[in-house]
Amino acid sequence: MKKDIRKITALGLLSALCLAIYAFESLLPPLLPIPGIKPGLSNIIILYSLKRFGKKEAGSVLLVRLLLSAILFGNAISLIYSLAGGFLALIIEIVSDKILSGKNIQITGAFGGLFHNIAQLFTAMLIMQSAAVLSYAPYLFIAGIITGLFTGYAAHFMLKIKIPET
Amino acid sequence: MTAILIVIILVSVIWICAVKNTKGKIVNIVSNGVTVWTGDLSSIEGELILTVVGDPDTPYAFEGNSPQENHYNVIRITSEGACIIDSDCRNHICIHEGITDSPAKPVVCLPNKLMITVTGENPDTDAITY
């Protein structure tokens with residue numbers, strides 16, 4: 001019983017942290033004039049939740065963050081983009097983690113970032129009903145991999161912090 | 001696994017270099033899936049200002065610069081290309097994208113579902129290399 005409450009509290013904190021990181025990131029001016037390139041720092045929390053707690057827990061943190069950020073900062077369209085990107089990234093990260101046997105979390109993060117952008121590109125193609133947005137693809141792939149690598153490393157160091165059991 | 005990522009990065013870099021210098025001639029402005037304006041770059045004298053209203057049911061474009069209530073973009077077209085100079089979207093990424101005269105670089109405003117593409121002479125091919 002005690003462990004469950006601790007877990008729920010931890011997941012709640014992580015969701016709030018993820019939301020705060022996302023809010024902060026949305027204040028930053030766009031680094032490159034290409035739509036969809038962002039640091040993607042909330043991925044750090046998702047990776048951390050995935051490694052520390054598990055797939056379902058990471059999924060719930062992601063869902064909570066997506067819904068809250070859409071309600072607070074976004075609109076219906078942005079929610080569609082975020083859902084597509086966020087969940088494909090999570091699924092790919094789960095698969096990648098399995099394949100790599102939990103090692104090299106930065107590579108898992110890189111794949112997550114890459115597929116997040118792939119999903120958003122796809123969603124943009126569907127919404128705009130045109131394939132012209134594909135021209136952004138190479139930039140989005142490279143940016144996704146690089147930001148994913150960075151968030152993977154950050155999650156790696158975050159996981160090394162030992163939380164005392166009281 | 002790392003190898004897959006490296007291959008993707010290499011392919012992307014090659015892709016970017018390959019389309020870098022393509023130039024286009026025909027400007028297409030598409031809003032909510034509907035082509036609201038199209039024209040030839042070389043037939044533009046001076047500059048042409050268009051305001052596009054991205055209404056989901058009936059998107060339309062008209063000459064002039066007049067901010068509307070919802071979902072508008074103001075586009076400036078010269079013989080050098082097209083760019084967005086004003087819009088009501090949140091981040092103004094579309095304005096920062098700058099001017100485009102190449103099929104490799106469309107200018108889009110995702111919140112307003114607007115897309116400006118400059119295609120090659122033949123609508124089917126964007127560029128031909130020999």
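**Strand pairing, a small cavity and two unusual loop residues**

Val108(B) has Met115(B) as its bridge partner in strand 8 of chain B. The model in which this pair occurs is a predicted one. Strand 7 and strand 8 of chain B, the latter covering residues 114-119, are joined by three bridges. Their pairing is antiparallel.

These two strands belong to an open sheet of four strands in chain B, in the order 2-1-8-7. Pairing in this sheet is antiparallel. Strand 2 (34-40) and strand 7 (107-109) of chain B are the edge strands, and each of them pairs on one side only. From one strand to the next, the twist averages 15 degrees. In a regular strand, side chains alternate between the two faces of the sheet.

A second pairing in chain B involves strand 3 (residues 47-53) and strand 4 (residues 60-63). These strands also run antiparallel, and four bridges join them. Thr51(B) has Phe62(B) as its bridge partner in strand 4 of chain B. The connection between strand 3 and strand 4 of chain B is a hairpin of six residues.

Chain B as a whole contains two helices and eight strands. Read from the N terminus, its elements follow the order α-β-β-β-β-β-β-α-β-β. Along the principal axes, the C-alpha atoms of chain B fill a box of roughly 50 × 35 × 25 Å. Chain B has 130 residues, and 42% of them count as buried.

The loop between strand 7 and strand 8 of chain B holds Lys113(B). Lys113(B) is not a glycine, yet its phi is positive, at about 50 degrees. Most residues other than glycine have a negative phi. Lys113(B) counts as partly exposed because its relative accessibility of 24% lies between the cut-offs of 20% and 50%.

Lys113(B) also helps to line the largest cavity. The count comes to one cavity of 30 Å³ or more. The volume of the largest cavity is about 30 Å³. Which residues line the largest cavity? Chain B supplies Val30(B), Asn32(B), Gly33(B), Lys113(B), Leu114(B) and Met115(B), and chain A supplies Met128(A). By class, the lining has four nonpolar, two polar and one charged residues. Met115(B) therefore appears twice in this account: as the bridge partner of Val108(B) and as part of the cavity lining, where it counts as nonpolar.

Chain A offers another positive phi. Asn104(A) is not a glycine, but its phi is about 50 degrees. Asn104(A) sits in the loop between helix 4 (76-99) and helix 5 (105-128) of chain A. Is Asn104(A) buried or partly exposed? Its relative accessible area is 43%, so Asn104(A) is partly exposed.

Helix 3 of chain A spans residues 55-73 and has 19 residues. From its first C-alpha to its last, helix 3 of chain A reaches 26 Å. This is close to the 27 Å expected at 1.5 Å a residue. The buried residues of helix 3 of chain A are Glu57(A), Ala58(A), Gly59(A), Val61(A), Leu62(A), Arg65(A), Leu66(A), Ser69(A) and Ala70(A). Glu57(A) and Arg65(A), which are on this list, are charged by class.

Definitions and conventions. Residues are numbered from 1 along each chain as its sequence is written. Chains are lettered from A and ligands numbered from 1 in the order in which they are written. This is a predicted model: local features need pLDDT of at least 70, side-chain atom pairs count only at pLDDT 80 or more; totals for chains, interfaces and linings use all residues. Side-chain values use heavy atoms; hydrogens and water are left out. Two strands pair if DSSP finds at least two bridges between them. Axes are lines fitted to C-alpha atoms, for helices over the stretch in contact, and angles run from 0 to 180 degrees between N-to-C directions. The expected span of a helix is 1.5 Å times one less than its number of residues. Buried means under 20% relative accessible area, exposed over 50%, partly exposed in between (1.4 Å probe, protein chains only). On a 1 Å grid over the protein atoms alone, a cavity is a set of points where a 1.4 Å probe fits but cannot get out, and a pocket is an open set with protein on both sides within 12 Å along at least five of seven lines; lining residues have an atom within 4 Å of a point. Grid points are joined across faces, edges and corners, and a volume is the space filled by probe spheres set on the points.
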